[in-house]
Amino acid sequence: EERRVYTKYFIGVSACLVFLIVVIGVPVTLKLTHVISPTVVLTDAPTISPTCMPSEAPSSAPTTDHFTQVVEKLLPLSGEVLFDPRTPQHKAARWISDV
């Protein structure tokens with residue numbers, strides 16, 4: 001019977017110590033840890049375009065003639081699907097002609 005008294009006493013003291021550690025430890029931990037806020041990078045406002053006039057240099061836009069040459073070379077490999085703008089073959093030919 002004496003053993004039961006000591007066991008109950010030990011469990012009670014252990015529970016009180018755990019409770020005390022939690023009650024003291026949580027606020028101290030929260031107080032000592034620093035919350036890292038996200039870094040905000042401020043940039044300059046976008047500038048206004050210097051002019052509305054196009055440049056005098058010729059553009060590098062692809063010509064229809066170059067696309068036609070690419071299609072002529074790829075036609076034996078891919079066939080008529082080259083003429084359908086929805087197909088990957090047409091998109092690849094357009095990309096090749098733009099490069």
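1. Aromatic pairs. This predicted model holds 0 aromatic pairs. A ring does take part in another kind of arrangement: the charged end of R94 sits over the ring of F67, at 3.8 Å from the ring centre.

2. Overall make-up. The chain has 3 helices and 0 strands, and its elements run α-α-α from the N terminus on. Of the 99 residues in the chain, 8% are buried. The exposed surface comes to about 9,600 Å², with 67% of that area supplied by carbon and sulfur atoms.

3. Helix α1. This helix covers residues 2–32. Its 31 residues should span 45 Å at 1.5 Å a residue, and the C-alpha atoms at its ends are 44 Å apart, so the expected and modelled values agree. Helix α1 is hardly covered by the rest of the chain: 0 of its 31 residues are buried.

4. The nonpolar core. Which residues make up the largest nonpolar core? There are 5 residues in it, namely F67, V70, V71, L82 and A93. Helix α2 (residues 64–78) gives the largest share of this core, with 3 residues. As a general background to such a grouping, nonpolar side chains in soluble globular proteins tend to be buried together. F67, a member of this core, is also the residue whose ring lies under the charged end of R94.

5. A93. Setting aside neighbours within four places in sequence, A93 is in contact with F67, V70, L74 and L82. Among these partners, F67, V70 and L82 belong to the largest nonpolar core, as does A93 itself.

6. H90. Is H90 buried or exposed? The relative accessible area of H90 is 10%, and the cut-off for a buried residue is under 20%, so H90 counts as buried. H90 lies in helix α3, which covers residues 88–98. Its contacts, leaving out neighbours within four places in sequence, are F67, V81, L82, F83, D84 and P85. Two of these names, F67 and L82, also appear in the largest nonpolar core.

7. Q89. This residue is likewise found in helix α3. With 33% relative accessibility, Q89 counts as partly exposed, because that value falls between the 20% limit for buried and the 50% limit for exposed. Not counting residues up to four places away in sequence, Q89 touches S78, V81 and L82. Q89 and L74 are 15 residues apart in sequence, and their C-alpha atoms are 9.2 Å apart in space.

How values were computed:
Residues are numbered from 1 along each chain as its sequence is written. This is a predicted model: local features need pLDDT of at least 70, side-chain atom pairs count only at pLDDT 80 or more; totals for chains, interfaces and linings use all residues. Side-chain values use heavy atoms; hydrogens and water are left out. Helices (H or I, at least four residues) and strands (E, at least two) are DSSP runs, numbered from the N terminus. The expected span of a helix is 1.5 Å times one less than its number of residues. Buried means under 20% relative accessible area, exposed over 50%, partly exposed in between (1.4 Å probe, protein chains only). Contact means heavy atoms within 4.5 Å. Rings of Phe, Tyr and Trp (its six-membered ring) pair if their centres lie within 6.5 Å; planes under 30 degrees apart count as stacked, over 60 as edge-to-face and the rest as tilted. A charge sits over a ring if NZ of Lys or CZ of Arg is within 6 Å of the ring centre and within 35 degrees of the ring normal. A nonpolar core is a set of buried Ala, Val, Leu, Ile, Met, Phe, Trp, Tyr and Cys residues joined through side-chain atoms within 4.5 Å. Accessible areas come from the Shrake-Rupley method with a 1.4 Å probe; for residues, only the protein chains shown count as cover.
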